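Student: Please take one part of this model and go through it closely with me. Short steps would help.

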Amino acid sequence: DKDIDREMSQIGGGGGGGAGDGDDGEEAEGGELGGGPTVVDGKIVSRDVLQGIRVGSAGGWQLEIFPGDFLVHRKYGIGRFEKTVLTSKKKLTDEEKQAQRDRREQILREAVKARGSKGMPTEEVQKIMNTFGKEEDKDPISNPQSTLLEITYGDATVHVPVERAYRLSRYRAGDAAIKPRLSRVKGEAWLKAKNRVEASTLQMAQDVLALYATRETLNRPPFDPTLEGDVRRFETTFPYEPTPDQITCFEHVENDMVWRGRPMDRLICGDVGFGKTEVAMRALYRAVANGRQAALLAPTGVLAAQHFKNIVARMGIEDTDFEVRVAMLRGGMGKNTKKGREMRERIAAGEVDLIVGTHALLSNGLTFKDLGLLVVDEEQRFGVKQKERLKLICNGVDVLTLTATPIPRTLQMSLSGIRDTSTLRSAPPMRKPTKTYVMEYSDDAVVEAIQTELNRNGQCYYVLPRIAQLAEAEKKIRELFPGIRMIQAHGRMGRGAEENVAEFAEGKYDVLLATTVIENGVDIPTVNTIIIQNAQALGMSTLYQLRGRVGRSSLQAYAYFLHKPEAITEQSAMRLQAMADLHELGSGFDVANRDLEIRGAGSLLGTEQSGMAAKVGFDLYMRMLKKSIRQLRGLDLPAVPRTNVLLPGGEGSIEAGDGTTAATAASSSSSSSSSGGKAAGADEKSHAFKIPKSYIKDDAERSRQESAARLAESSAQLVTLTESWKEEYGPLPPTLQRRLKTLHLHACSRILGIDLVGMRRSTGTTAAPAPAGRGKRAIPMDCVLRSPGLRPRHWAHICKSLPRGMPTKGLDTLFPARLVGAEEDVECVGGEKLDLKALRLDGGGAGGGGGTALGGAGGGGMGGDEEEEWDALDQEEVEAMKEISSALQVKSMDEVDVEQYPRFAVRNFHEVKKGQRVDALLRVLLPAAKVVYAKQVDDKEKARVAAELRDRRELMKRQQKEAQAMEAKRLGYRY
């Protein structure tokens, strides 16, 4: 139907949606080669015969659905998507209504004009008017169409407009291979099930917050910000332009390592070849530059060798300016071998700065002198025992985990916010999506794939799941291609596998016949075709990694997944279907999501929740969990790790700049402290906080105290710290007192979620030109403090606890119109009572609980309107969190459209004298910061109690099981 195709293209869906379709409209030829497969009666068939659609889902995600997919509607429950239908749009905006009237009038006039001087009888005019809005009316303005998603339920069919698709999510549960039971629209069964699940998520949320609290109690010395200049120098050796997502990941890791007191535990999820290794490389160098040891753990020798080679080339002793001592520990270098013993002694003595290794890094006989960072590549390849060993090694150590397809439990932890996660979704320039074909094995398919690659002078990978299958495959390929140059690589070859891969990379062979040993660490741009035989036997992560071995250049790459029809199971069919569906660049996180759907949600934090997730689907369950966490936290204003202060003269900044004057600042600050003056030239580029050497003479202790002050969570903590300094080292020098005020400002700004501070031309009604002397009048300027995560409910909660229950005088707060459902921004003037109606908070209280989602989201059984408010709120906050990390790149306030964000404003800031700006900001921010900190302390205490209760429950369960086992043994029973 052309109308449907047109409608699909307008909403960004696409008529066919097959995986073999490219952006240029090309379709693969040859029957099964086109499109991705789907499961019909337990067999894989082409999805080209189905019509899919891509719609917007909750939280800003894109949802691609095909007929037969199971969906969850917030109001109606679990249903099955059947098709899309077109119908006349029922609710029109005022603009659409006016356009409709004008167009219909124009149609009538054109019809009358076509009759000429004879005119048109009234009956014919009426006949034309009767067609308006009917099926015969094909005009898109006169009869605007709406695309509906037809979803079948147990007792009814529901049509959902695509503009309300955010109410839908894909159904995934503990065992998605089992078809779910369709919900009934009539009755209250779905509502009761949803309420039961929502109640269970409150318990789960307590466990999550308990884990938050436990994590926050961990501490380690942060890395020195004044050494970031060395890291910047190392960054210049990267030969490519970083992608936007890479830049964001660099900031996240720097914030974790330099600007946080607790050890980093961050997951970097990015597609194969999207730059995860560069993120790790910069983190590794940062650790070494700070005098700590660093280690990189890889699952295979091939991958470890590749990393070792790249690291030596970038920062090794030979041919680089960085002279990092790099070593490799691998299989065959056990503690009883001469090489292994010598290497372990060097690592323990600190003679090696950076260690690259395989599982040998996890051996009991290995000790580090001062391990600061551990990078784990391809986390999903390590088993339970290895991860338990990792926990022992990583106690108090920063951990950076790299993966393209996180395992379900890791994905759950990142989705729920338990684990910090950064995602690389932007592709490097010139990269093209790999064309993916799923088909039954045949000699013709193998010949076509290999011959096509050989015709363009390329090379191929040919992969099988087992070593025993390689000989038969080699025999078959040589029959099909006599004289072809072929070499093998598999795990039992030891170092021979690496040598064979190296020879293949040099172009000496046409085909590399291998097992899955090549899924990591093989990066050969000349190889752009991969054939995977018996693909049904491999897991989704492995399939995805193998496909990522090709397409590393600007040439079009091809991946062929060949399967045996008699060996296909329903789950293997779903895996292959997902691989064909998710063929776009940057789909690794989506592959992990689909893997979660196929393999099941499992358990999180040791608490079995898959049963509850199955009742409503995993997506809706995680959304409920997120909402429950927000309810329990009450004031969930997101803090920021650092604030970029852009006041004139660097006033209020604690950034180290490019680091070139760090040494000067450290030495000259001590000489200036005795006279009370400022160190000449020391702070021109570096504003890093430094304690005068004359005040604390021991270098190590001075560095510890500087870090403790720089990362203080509140002004109260800083006061306590400085009191301890006075007792230990005497009165504070004047220069140190001034610098401490800047730290007080940053403690307040971080806790209030302020990521950017700077001056802008006044826009408020209270702004007025001020005399500037000799007839001139100064331009009125405000100090604007951006807080992307601030919401009306947060500010109302804070103000309720301030003196007289109103905002601090002198601190105005502005919210963009979109956050309050108004036509223009809403301004809350400091010193005046809040207008809760303007902030849309009058219906449900300003605190943690209440009637509207904006007011704090009350208990279960939310209505449709409340659900929509919550969805809008959730999506806004997802976007806000993305923006927070962008502030460090801002060099001028003119670069940012601050009017698009929630923000504080201090009016007429041009009147504040130089040197007093920090004090002026501190006076207005301190009251609100105290309220937020007090609430956070209260939340942490509640979470600590919850953690103790949870541990006690787990202990009681273990003791009960042990008692039952003892009793069974005493009675002679065996289980």
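Tutor: We start with a ruler for helices. The expected span of a helix is 1.5 Å times one less than its number of residues. Keep in mind that this is a predicted model.

Now apply the ruler to helix α8, residues 301–315. It has 15 residues, so the expected span is 21 Å. The C-alpha atoms at its ends are 21 Å apart, which agrees.

Next, which residues of α8 are buried? They are V302, L303, A304, A305, H307, I311, R314 and M315. Here buried means under 20% relative accessible area. One general point helps when you look along a helix. An α-helix has 3.6 residues a turn, so residues three or four places apart point the same way. Try that on H307 and I311, both on the buried list.

Stay with α8 and pick G301, which belongs to this helix. What does G301 touch, leaving out residues up to four places away in sequence? Its contacts are M328, R330, T358 and E498. Look at A497 as well. G301 and A497 are 196 residues apart in sequence, yet their C-alpha atoms are 9.0 Å apart in space.

From the helix, turn to the sheets. One open sheet has 6 strands, in the order β17-β22-β21-β18-β20-β19, and the pairing is parallel. β17 (435–440) and β19 (486–489) are its edges. Each has a single partner strand, so one side of each has no neighbour in the sheet. On average, neighbouring strands here are turned by 20° against each other, direction ignored.

Zoom in on one pair. β18 (residues 459–463) and β21 (residues 527–532) run parallel and share 5 bridges. V463 has I532 in β21 as its bridge partner. Helix α15 (residues 540–547) packs on this sheet. It touches β17, β18, β21 and β22 (558–563), and its direction makes about 150° with that of β21.

Now set another sheet beside that one. This open sheet has 5 strands, ordered β8-β7-β6-β5-β9, with antiparallel pairing. Its edge strands are β8 (157–161) and β9 (168–170), each pairing on one side only. From one strand to the next, the twist averages 45°. Inside this sheet, 8 bridges join β6 (residues 77–88) to β7 (residues 145–152), and the two run antiparallel. Find T87 there: S146 in β7 stands opposite.

Terms used
Residues are numbered from 1 along each chain as its sequence is written. This is a predicted model: local features need pLDDT of at least 70, side-chain atom pairs count only at pLDDT 80 or more; totals for chains, interfaces and linings use all residues. Side-chain values use heavy atoms; hydrogens and water are left out. Two strands pair if DSSP finds at least two bridges between them. Helices (H or I, at least four residues) and strands (E, at least two) are DSSP runs, numbered from the N terminus. Axes are lines fitted to C-alpha atoms, for helices over the stretch in contact, and angles run from 0 to 180 degrees between N-to-C directions. Contact means heavy atoms within 4.5 Å. Buried means under 20% relative accessible area, exposed over 50%, partly exposed in between (1.4 Å probe, protein chains only).
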